[in-house]
Amino acid sequence: MRPENSNVSNFPNKQSFPVQVGFDRKEMERIFNLYGRMVAAGHWRDYAMDMGKDAAIFAAFRRTSERPQMRIEKRPADRNKQGMWSLHGEHGQILKRGHDLVAVLAPMERRLMKLVSE
């Protein structure tokens, strides 16, 4: 039995807590594979990751002091629209969107192939 004037509050539902979006192991393996090859080619030197409640973002930089040359975003809320993956360019333009990470990274893969063959 609870007294009338007690300060007991109900425990909130799990759904009320913000959920953090992140990358799983396969996704990180694919992203770091591309990142490592771009570093070896001398085009990227640094990266940053941000994992929030709406999106997980991986950004690659030529130099630390600059804006990112490329950003990969995972937004599960957009899964039923044009896909939860998007590739953004240096000036914020969306280069590619899709449901599959491999397909979204394809423009960067092609760029790497051009750089190696020159």
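Throughout this tour, a residue is called buried when its relative accessible area is under 20%, exposed when over 50%, and partly exposed in between, as computed with a 1.4 Å probe on protein chains only. By that scale Tyr47 is partly exposed, at a relative accessible area of 35%. The model is predicted, so local features need pLDDT of at least 70 and side-chain atom pairs count only at pLDDT 80 or more, while totals for chains, interfaces and linings use all residues. Residues are numbered from 1 along each chain as its sequence is written, and side-chain values use heavy atoms, with hydrogens and water left out.

**Aromatic pairs**

Keep Tyr47 selected and add Phe58, which counts as buried at 0% relative accessibility. Rings of Phe, Tyr and Trp (for Trp, the six-membered ring) are paired here if their centres lie within 6.5 Å, and a pair is stacked with planes under 30 degrees apart, edge-to-face with planes over 60 degrees apart, and tilted otherwise. By this rule the count comes to eight aromatic pairs. Select Phe23 and Trp85 next: their ring centres are 6.1 Å apart and their planes stand at 15°, so this pair is stacked. Helices (H or I, at least four residues) and strands (E, at least two) are DSSP runs numbered from the N terminus; in those terms Phe23 belongs to the segment before α1 (25-40) and Trp85 to strand β4 (residues 85-88), and the pair links parts of the chain 62 residues apart. Both Phe23 and Trp85 are buried.

Returning to Tyr47 and Phe58, one finds another stacked pair, with 5.3 Å from centre to centre and 15° between the planes. Tyr47 sits in strand β1 (residues 46-51) and Phe58 in strand β2 (residues 56-61), so the pair ties together parts that are 11 residues apart in sequence. Widen the selection to Phe32, Tyr35 and Trp44, and ring pairs link these three with Tyr47 and Phe58 into a cluster.

**Helix α1**

Now display α1, whose 16 residues reach 22 Å from the first C-alpha to the last, close to the 22 Å expected at 1.5 Å a residue (the expected span being 1.5 Å times one less than the number of residues). Colour Glu27, Met28, Ile31, Leu34, Tyr35 and Met38, which are the buried residues of α1. Looking down the axis of α1, these buried residues fall within an arc of 135°, so they line one face of the helix; the arc is that of the directions from the helix axis to the C-beta atoms. On the other side of α1, Arg25, Lys26, Glu29 and Ala40 are exposed. Beyond the end of the helix, α1 is followed by Gly42, whose phi is positive, near 85°.

Within α1, centre the view on Met28, which is buried with a relative accessible area of 14%. Taking contact to mean heavy atoms within 4.5 Å, and not counting residues up to four places away in sequence, Met28 touches Phe23 and Met49. The C-alpha atoms of Met28 and Phe58 are separated by 9.4 Å, although the two residues are 30 apart along the chain.

**The nonpolar core**

A nonpolar core is a set of buried Ala, Val, Leu, Ile, Met, Phe, Trp, Tyr and Cys residues joined through side-chain atoms within 4.5 Å. The largest one has 21 residues, and those with the most contacts inside it are Phe23, Trp44, Phe58, Met70, Ile72, Trp85 and Met108. At least two residues of this core come from each of α1, β2, β3 (70-74), β4 and α2 (101-117). Select Met70 to see contacts that, leaving aside neighbours within four places in sequence, include Trp44, Phe58, Leu87 and Met108.

**Polar stops**

A polar contact is a pair of N or O atoms within 3.5 Å; within protein, one must be able to donate a hydrogen and the other to accept it, and residues adjacent in sequence count only if both atoms are side-chain atoms. In strand β4, Ser86 is buried, with a relative accessible area of 5%, and its side chain makes such a contact with the side chain of His88 at 3.0 Å. Move to helix α2 and select Glu109, which counts as buried at 14% relative accessibility and whose side chain is joined to that of Arg37 by a polar contact of 2.8 Å.

Finish at His99, in the loop between β5 (94-98) and α2, which counts as exposed at 55% relative accessibility. The backbone oxygen of Arg79 lies 3.4 Å from a polar atom of the His99 side chain.
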